[in-house]
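Dear colleague,

Please find below the sequence and structure that I am handing over to you. My account of what was found follows directly after them.

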Amino acid sequence: MTAVPESYEDGLRRLLIEWDPLDVAEDVQDEYDCVVGHLLLLLRTGSDQERIAGFLRTDLTDHFGLDPRFLGTESMAARLVAWWGAAAPHAGA
């Protein structure tokens with residue numbers, strides 16, 4: 001598997017900053033960099049919306065200490081899958 005272009009990382013980072021479940025992106029632009037690599041791997045390997053939402057729920061709980069029930073993980077996962085399909089249709093598995 002080849003490396004993902006930096007522009008895809010930047011695009012994903014922008015989506016995470018827009019979502020901003022911690023409500024800190026205005027002050028901390030790199031807060032979500034820790035999930036970019038894993039999300040790109042999931043997207044590149046064709047993970048579906050349910051799997052990505054599961055990853056987001058787990059990461060919000062285990063890594064960030066948040067209760068993900070009201071943070072829109074399912075809608076964010078749908079947004080990520082749609083973005084990947086439009087931005088990187090040739091970069092999948």
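**A buried tyrosine and its ring partners**

Tyr 8 has a relative accessibility of 9%, so this residue counts as buried, the limit for that class being under 20%. Please keep in mind that the model is a predicted one.

Three aromatic pairs are counted in the model. In one of them, the ring centres of Tyr 8 and Trp 84 lie 5.6 Å apart and the ring planes stand at 70 degrees, so this pair is edge-to-face. The pair joins distant parts of the chain, since Tyr 8 belongs to helix H1 (residues 6-19) and Trp 84 to helix H4, with their positions 76 residues apart. Trp 84 has a relative accessible area of 7% and is therefore buried.

Trp 84 also pairs with Trp 83: the centres of these two rings are 5.8 Å apart and their planes are at 55 degrees, so the pair is tilted. The reason for the two labels lies in the angle, because planes over 60 degrees apart count as edge-to-face, those under 30 as stacked and the rest as tilted. Trp 83 counts as buried as well, because its relative accessibility is 18%. Through ring pairs, Tyr 8, Trp 83 and Trp 84 are linked into a cluster.

**The chain as a whole**

The protein chain contains four helices and zero strands. Read from the N terminus, the order of its elements is α-α-α-α. Of the 93 residues in the chain, 40% are buried. The chain exposes about 5,400 Å², and carbon and sulfur atoms supply 50% of that area.

Which share of the contacts with a separation of 6 or more comes from residues 24 or more positions apart? The share is 62%. The pair of Tyr 8 and Trp 84, described above, links residues 76 positions apart.

**How H2 and H4 pack**

Two packed helices are described by the angle between their axes and by the distance between those axes. For helix H2 (residues 33-44) and helix H4 (residues 73-87), the angle is about 65 degrees and the axes are 11 Å apart. The crossing of H2 past H4 is right-handed.

Which residues make this contact? On the H2 side they are Leu 39, Leu 40, Leu 43 and Arg 44, and on the H4 side they are Leu 80, Val 81, Trp 83 and Trp 84. Sorted by class, the contact of H2 with H4 consists of seven nonpolar residues, no polar residues and one charged residue. Trp 83 and Trp 84 thus appear in the H2-H4 contact and also in the ring cluster with Tyr 8.

**An alanine in H3**

Ala 53 is located in helix H3 (residues 49-62). With a relative accessible area of 3%, Ala 53 is buried. Leaving out residues up to four places away in sequence, Ala 53 touches Thr 73, Glu 74 and Ala 77. A further position to compare is Ala 78, which is 25 residues from Ala 53 in sequence, while their C-alpha atoms are 8.1 Å apart in space.

**The loops**

The loop between H1 and H2 includes Asp 20 and Asp 23. Asp 20 has a phi near 45 degrees, a positive value in a residue that is not glycine. Asp 23, likewise not a glycine, has a positive phi of about 55 degrees. Are these two residues buried or exposed? Asp 20 is buried, because its relative accessible area is 14%, whereas Asp 23 is exposed, because its value is 68%.

Val 28 is found in the loop between H1 and H2 too. At 29% relative accessibility, Val 28 counts as partly exposed, because this class lies between the 20% and 50% limits. Val 28 and Ile 17 are eleven residues apart in sequence, and their C-alpha atoms are 9.2 Å apart in space.

Ser 47 lies in the loop between H2 and H3. Its relative accessibility is 13%, so Ser 47 counts as buried. Apart from neighbours within four places in sequence, Ser 47 is in contact with Leu 42, Ile 52 and Val 81. Val 81 is also one of the H4 residues in the contact with H2.

Yours sincerely,

A colleague

Note on methods. Residues are numbered from 1 along each chain as its sequence is written. This is a predicted model: local features need pLDDT of at least 70, side-chain atom pairs count only at pLDDT 80 or more; totals for chains, interfaces and linings use all residues. Side-chain values use heavy atoms; hydrogens and water are left out. Axes are lines fitted to C-alpha atoms, for helices over the stretch in contact, and angles run from 0 to 180 degrees between N-to-C directions. Helices (H or I, at least four residues) and strands (E, at least two) are DSSP runs, numbered from the N terminus. A crossing is left-handed if the near helix is turned anticlockwise from the far one by less than a right angle, and right-handed if clockwise. Contact means heavy atoms within 4.5 Å. Ala, Val, Leu, Ile, Met, Phe, Trp, Tyr, Cys and Pro count as nonpolar, Asp, Glu, Lys and Arg as charged, and the others, Gly among them, as polar. Buried means under 20% relative accessible area, exposed over 50%, partly exposed in between (1.4 Å probe, protein chains only). Accessible areas come from the Shrake-Rupley method with a 1.4 Å probe; for residues, only the protein chains shown count as cover. Rings of Phe, Tyr and Trp (its six-membered ring) pair if their centres lie within 6.5 Å; planes under 30 degrees apart count as stacked, over 60 as edge-to-face and the rest as tilted.
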